[in-house]
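Me: I've got a structure open and I'd like to walk through it with you. Can we start with the metal sites?

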Amino acid sequence: MKAAVVRAFSKDLSIETVADPNCPDNGVVLEVAACGVCRSDYHGWTGEHPKVQHGSVLGHEYCGTVVATGKRAKHKIGDRLIAPFILSCGDCPACHTGVSNTCAHQVVPGFGAPGAYAEYVAVPFDHNLVHLPDTMSPALAAGLGCRVTTAWHALTDRANVRAGEWVAVHGTGGIGLATLLLAKMLGARVVVVDVVDEKLAHATGLGADAAVNATTTDAADAIRNITGGGAHVSVEALGIAATTNASIDCLRILGRHVHVGMPAGSGMMEINMRGIYTKQLSFFGTRGMPAWKYPTLLEMIERGDVDLNPMVAREVPLSGASAELRAMHGPTPPGTAVITDLQN
Ligand SMILES: [Zn+2]
Ligand SMILES: [Zn+2]
């Protein structure tokens, strides 16, 4: 099969013919229909993620059709499925208590196992996979496994956002846009922060109540003014110190910071602990979403409660993934890219 392989960090992925994946006994092989290009992939591609090495194949947000099944697979050949990026074991204390996104035995294709920047991907623990609704395009579905589910879990099970509250979103990449659209659906008011005017205009067009450019203004100051004292909830979607501190500083007393952006490198950063202490803030880490929350989220999308299509800006071939990763060195245009042609 064709796959895009990391041969050198920060260099173009090598498009190669590699062996087809073996089917796991406890899962399936999917023919990949679409795979999102995510900022987490960028961290792997630049060598800042411990589980991405030379020879790795990226790609953790994908959907596709089952072409092979293991003896203990839950799905059958021909099923069209979406995968959450965290494949949990289903049989450990975390899985038994509903927090399978913290499973100690989890497998994440693209980070430690071959990912879906390829024609086929092996997916163990296929009980995590859900059926792709007929009304949903593979390009949109691919983004659900990572950004949309992560944003949904951050808002609902971590920050517990309530209608009427102000939500600040730092960074309007894939996670940021998903957070904006889902927070609006929940009845919150949303202020978005970015450093690219075009992305802010895009977010405003998608319903953001206010937009702040952090290169020309003090973002935290501006948010405190816009929200009359600070946001109730602030979502950090980049994983860097500047936006983490802006998030802490923009919150009102007893506000809730949710850390969604994956911190790169060692993860160490200098943050304003006095702000957390004085304002008695809550500080949530979050990653992924337990697979059991998929059906209700999918139903809301299918019913049209929220339109996530604007998140997908570009459909690219496999050979176009390198350019998308390279573009993340600097400010990127609005929306995210999805690989929808895995043969070219
Ligand atoms: Zn992702
Ligand atoms: Zn488990």
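Reply: Sure. One definition to begin with: a donor is an N, O or S atom within 2.8 Å of the metal. Keep in mind that this is a predicted model.

Me: OK, so which residues are the protein donors of the zinc ion (ligand 1)?
Reply: They are C38 (SG), H60 (NE2), E61 (OE) and C146 (SG), and they lie 2.0 to 2.2 Å from the zinc. Along the sequence, their spacing reads C-x21-H-E-x84-C.

Me: And are H60 and E61 buried or exposed?
Reply: Both H60 and E61 are buried.

Me: What arrangement do the four donor atoms make around that zinc ion (ligand 1)?
Reply: Tetrahedral, because the angles they subtend run from 86 to 129°. To count as tetrahedral, four donors need all angles between 85 and 135 degrees.

Me: Now the other one. What coordinates the zinc ion (ligand 2)?
Reply: Four cysteine sulfurs: C89 (SG), C92 (SG), C95 (SG) and C103 (SG), at 2.3 to 2.4 Å. Their spacing along the chain is C-x2-C-x2-C-x7-C.

Me: What angles do the donors subtend there, at ligand 2?
Reply: They subtend 103 to 116°, so this arrangement is tetrahedral as well. For reference, the ideal angle for four tetrahedral donors is 109.5 degrees.

Me: Why do C92 and C95 count as buried?
Reply: The cut-off for buried is under 20% relative accessible area. C92 is at 5%, so it counts as buried, and C95 counts too because it is at 15%.

Me: How many disulfides does the structure hold?
Reply: Zero.

Me: Switching topic: which residues of helix α6 are buried?
Reply: In α6, which spans residues 219-226, they are A219, A220, A222 and I223. They sit on the same side of the helix, because they cover an arc of only 160° around its axis.

Me: What covers them?
Reply: The cover over the buried residues of α6 includes strands β8 (166-170), β9 (189-194), β10 (210-213) and β11 (231-236), along with helix α7 (241-250).

Me: What's going on at the ends of α6?
Reply: D218 caps the N-terminal end, with a side-chain oxygen 3.1 Å from the backbone nitrogen of A220. After the helix comes G228, which has a positive phi, near 65°.

Me: Last one. Where does T179 lie, and what is it in contact with?
Reply: T179 lies in helix α4, residues 174-185. At 1% relative accessibility, T179 counts as buried. Leaving aside neighbours within four places in sequence, T179 is in contact with A151, L155, V169 and V235.

Methods: Residues are numbered from 1 along each chain as its sequence is written. Chains are lettered from A and ligands numbered from 1 in the order in which they are written. This is a predicted model: local features need pLDDT of at least 70, side-chain atom pairs count only at pLDDT 80 or more; totals for chains, interfaces and linings use all residues. Side-chain values use heavy atoms; hydrogens and water are left out. Buried means under 20% relative accessible area, exposed over 50%, partly exposed in between (1.4 Å probe, protein chains only). Helices (H or I, at least four residues) and strands (E, at least two) are DSSP runs, numbered from the N terminus. The arc is that of the directions from the helix axis to the C-beta atoms. Contact means heavy atoms within 4.5 Å. A polar contact is a pair of N or O atoms within 3.5 Å; within protein, one must be able to donate a hydrogen and the other to accept it, and residues adjacent in sequence count only if both atoms are side-chain atoms. Donors are N, O and S atoms within 2.8 Å of the metal (3.2 Å for Na, K and Ca); water is not among the atoms, so sites may look incomplete. Four donors count as tetrahedral if all angles lie between 85 and 135 degrees; four count as square planar and six as octahedral if opposite donors are over 155 degrees apart and all others between 65 and 115; anything else is irregular. A disulfide is a pair of cysteine sulfur atoms within 2.5 Å.
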